[in-house]
Amino acid sequence: MDYLDLNTGARMPLIGLGTWKSETDKVGAAVACALTDCGYRQIDCAYIYHNEAEIGRAFDQVFSAGLKRQDVFVTSKLWLNSFTAEDVLPACQKTLSDLRLDYLDLYLMHWGVAIAKGQGDEPLYENGRLVTAKIPLRETWTAMEALVKQGLVKAIGVANFTGPMLVDLLTYARLVPAMNQIELHPYNHQQKLVEFCQSENIAVTAYSPLGSPGNTSRHQDNLNLFNDPVINQLAQKYGKDPAQILLRWGIQRRTVVIPKSVHPDRIKSNIQVFDFSLNQEDMDLIAALDKRHRFVDPDEWWHIPYFD
Ligand SMILES: NC(=O)c1ccc[n+]([C@@H]2O[C@H](COP(=O)([O-])OP(=O)(O)OC[C@H]3O[C@@H](n4cnc5c(N)ncnc54)[C@H](OP(=O)(O)O)[C@@H]3O)[C@@H](O)[C@H]2O)c1
């Protein structure tokens, strides 16, 4: 397993298991399989995935069986209806309690938008637009910084932050975010944002590194990375499967990749990417596939032009 150095001095495994849309009756077994049988040392969680309690039971099981807590890197994310200064701490405590942990290795602001409290996870107006709240992100970030001081989280970061949002955050952050977790795969490689983050000492995690094939609403026939001819040619050339080519491309960019699966065979094969490397020509071939296509676009569910 290869690691990335964060700006806190901590080391983060380059591959982790994603858990979005992992069903509550499957996620525990998936996490246990990843940690016990497949060599994963990183799990990516979030309050909004509504499966942290089941993941917590799996952590209990694997840590009781001998795996050391300090050898596993756990990320979770603060949901947008807990962005006020007084809501950040209880939200973090709830996640810690569900995950049955004393601390998180990394806690992220899930998106750069605050939403109204007490109206569910994603309140919408009648016209379909998200009910946002008048909370400046600075207030949330400052409360996130306090969690580090309190020892509840080792590092803090953001997800889905664009360049201008980061530029603004850096004007007031006393702790530079350790991470920006963003959608990255060959159809949306965001090279400039990756380079910007890395130049500011902000590490980058690639979410949906396989193109999120389980998230069907944004899929069209010509937008399935597993069917891409270049990816398939390279899979043949290197004797790997398409997922392994996509993940190897991600880690060779020095981005952390967090493929989600609940199937033991896929969980296992997705981490078998440290025994080969793509040559520069093939890295460039993959980069040339960029279509700036997002499989995760909140404009679709919130009617807010977040990335436009
Ligand atoms: N910060 C954010 O806003 C944000 C947004 C999206 C995602 N994320 C994080 O990133 C993680 C990964 O993203 P994602 O879940 O959108 O998509 P992904 O990891 O790109 O793809 C997951 C899908 O691919 C399938 N799959 C996994 N391995 C496979 C393989 N070897 N061959 C064929 N199919 C395979 C999975 O199905 P099975 O489970 O059935 O195997 C699942 O449907 C999430 O789980 C979450 O932790 C974060």
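User: What classes of residue are found in the lining of the largest cavity?
Analyst: In this predicted model, the lining of the largest cavity has seven nonpolar, two polar and one charged residues. The residues are Leu184, His185, Pro186, Ala206, Pro209, Leu246, Trp249, Gly250, Arg253 and Val257. Arg counts as charged, so Arg253 is the charged one. His and Gly fall outside both the nonpolar and the charged lists, so His185 and Gly250 are the two polar ones.

User: Which helix gives the most to the lining of the largest cavity?
Analyst: Helix α8, residues 242-252, gives three. Leu246, Trp249 and Gly250 are in the lining and have numbers in that range, so they are the three.

User: How many cavities of 30 Å³ or more does the structure hold?
Analyst: The structure holds one. About 30 Å³ of space lies in the largest cavity. The word cavity is used because a 1.4 Å probe fits there but cannot get out.

User: Where does the ligand sit?
Analyst: The ligand sits in the largest pocket. That wording requires more than half of its atoms to lie within 2 Å of the pocket's grid points, so the ligand passes that test.

User: What makes the approach of Thr19 to the ligand a polar contact?
Analyst: A backbone N or O atom of Thr19 lies 3.1 Å from a ligand oxygen atom. The cut-off is 3.5 Å, so this pair counts as a polar contact. The side chain of Gln181 has an N or O atom 2.9 Å from a ligand nitrogen atom. For the side chain of Ser208, an N or O atom is 2.8 Å from a ligand oxygen atom. Both of these distances are also within 3.5 Å, so both pairs count. The ligand taken alone exposes 900 Å², and the protein buries 90% of that.

User: Which residues come nearest to the ligand?
Analyst: Out of 29 residues around the ligand, the nearest are Asp44, Leu210, Ser212, Lys260 and Ser261. The shell divides into 13 nonpolar, twelve polar and four charged residues. Asp and Lys count as charged, so Asp44 and Lys260 are among those four.

User: What is known of the volume and lining of the largest pocket?
Analyst: The largest pocket has a volume of about 910 Å³. It is lined by 42 residues, and Trp20, Lys21, Ser208, Ser212 and Lys260 are the closest to its centre. The elements that give two or more residues to this lining are α9 (264-270) and α11 (299-302). With three residues, α9 gives the most. By class, the lining divides into 18 nonpolar, 15 polar and nine charged residues.

User: Which residues are closest to the centre of the second largest pocket?
Analyst: The second largest pocket has about 450 Å³ of space. Asn188, Gln190, Leu193, Arg292 and Arg294 are the closest to its centre, out of 18 lining residues. Two or more residues come from each of β7 (179-183) and α6 (191-199). The most, three residues, come from α6.

User: What classes does the lining of the second largest pocket have?
Analyst: That lining has four nonpolar, seven polar and seven charged residues. Arg counts as charged, so Arg292 and Arg294 belong to the charged group. Leu counts as nonpolar, so Leu193 is one of the four nonpolar residues.

Conventions
Residues are numbered from 1 along each chain as its sequence is written. This is a predicted model: local features need pLDDT of at least 70, side-chain atom pairs count only at pLDDT 80 or more; totals for chains, interfaces and linings use all residues. Side-chain values use heavy atoms; hydrogens and water are left out. A residue is near a molecule or strand if one of its heavy atoms lies within 4 Å of it. A polar contact is a pair of N or O atoms within 3.5 Å; within protein, one must be able to donate a hydrogen and the other to accept it, and residues adjacent in sequence count only if both atoms are side-chain atoms. Accessible areas come from the Shrake-Rupley method with a 1.4 Å probe; for residues, only the protein chains shown count as cover. On a 1 Å grid over the protein atoms alone, a cavity is a set of points where a 1.4 Å probe fits but cannot get out, and a pocket is an open set with protein on both sides within 12 Å along at least five of seven lines; lining residues have an atom within 4 Å of a point. Grid points are joined across faces, edges and corners, and a volume is the space filled by probe spheres set on the points. Helices (H or I, at least four residues) and strands (E, at least two) are DSSP runs, numbered from the N terminus.
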